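This briefing addresses two topics: the arrangement of a sheet and the lining of a pocket. Please consult the sequence and the structure shown below while reading.

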Amino acid sequence: MSIEVVRRFFKSHGIENRVQEFDVSSATVELAAEALNCEPCRIAKTLSFMVDRRPVLVVAAGDAKIDNPKYKAQFGTKAKMLSPDQVLELIGHGVGGVCPFAVNEGVDIYLDISLKRFETVFPACGSSNSAIELTIEELEKYSSFIAWVDVCKNWQVVS
């Protein structure tokens, strides 16, 4: 079970007690926000893609959507999400629990700038009923991300 792998990962960092498990599903942004009693935008959703035959994760705010022209400019290819079977095989977590922690080797992780407007966010922890609250600095530290990217739309605050 991948939540156990994520728990072991966080245990090695001394924060496994911060992993939350729910009696209800947190498999979607809306369900996770309801389980956590927070705004959907603060859910750090992890999206899975294939880029040049390599699995890529993009962690973005719950209210953000992939912007195809920005994605293509960043990665040089059209955004093509992995199938549920590919996600489990290539990433190591099932759909609904995908997170940027304790993933398979060879997975490139990027954080979208849509997350930077928050002090803390809630990514999943490897199952469809788990999450952890992390500061942006902790998300950077524990995700082993490659870079911040700007590949999303519909999240910017309009003044």
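Helices and strands are DSSP runs, with H or I over at least four residues for helices and E over at least two for strands, and they are numbered from the N terminus. The model is predicted. Its sheet is open and contains six strands, and its largest pocket holds about 380 Å³ of space.

**Sheet**

- The strand order is β8-β6-β2-β3-β5-β9, and the pairing is mixed.
- The edge positions belong to β8 (134-135) and β9 (147-149); each has a single partner strand, so one side of each is left without a neighbour in the sheet.
- Strand β6 (residues 120-123) runs antiparallel to β8, and two bridges join them.
- Within this pairing, valine 121 is positioned opposite leucine 134 of β8.
- Helix α2 (residues 29-36) packs on the sheet, where it touches β2 (43-51) and β6.
- The direction of α2 makes about 155° with that of β2.

**Largest pocket**

- The lining of the largest pocket comprises 24 residues, of which Ala27, Lys45, Thr46, Gly96 and Val98 are the closest to the pocket centre.
- At least two lining residues are supplied by each of α2, β2, α4 (84-91), β6 and β7 (130-131).
- Strand β2 provides the largest share of the lining, with six residues.
- By residue class, the lining consists of 16 nonpolar, seven polar and one charged.

**Connection between the topics**

- Helix α2 and strands β2 and β6, which are in contact where the helix packs on the sheet, also contribute to the lining of the largest pocket.

Key:
Residues are numbered from 1 along each chain as its sequence is written. This is a predicted model: local features need pLDDT of at least 70, side-chain atom pairs count only at pLDDT 80 or more; totals for chains, interfaces and linings use all residues. Side-chain values use heavy atoms; hydrogens and water are left out. Two strands pair if DSSP finds at least two bridges between them. Contact means heavy atoms within 4.5 Å. Axes are lines fitted to C-alpha atoms, for helices over the stretch in contact, and angles run from 0 to 180 degrees between N-to-C directions. On a 1 Å grid over the protein atoms alone, a cavity is a set of points where a 1.4 Å probe fits but cannot get out, and a pocket is an open set with protein on both sides within 12 Å along at least five of seven lines; lining residues have an atom within 4 Å of a point. Grid points are joined across faces, edges and corners, and a volume is the space filled by probe spheres set on the points. Ala, Val, Leu, Ile, Met, Phe, Trp, Tyr, Cys and Pro count as nonpolar, Asp, Glu, Lys and Arg as charged, and the others, Gly among them, as polar.
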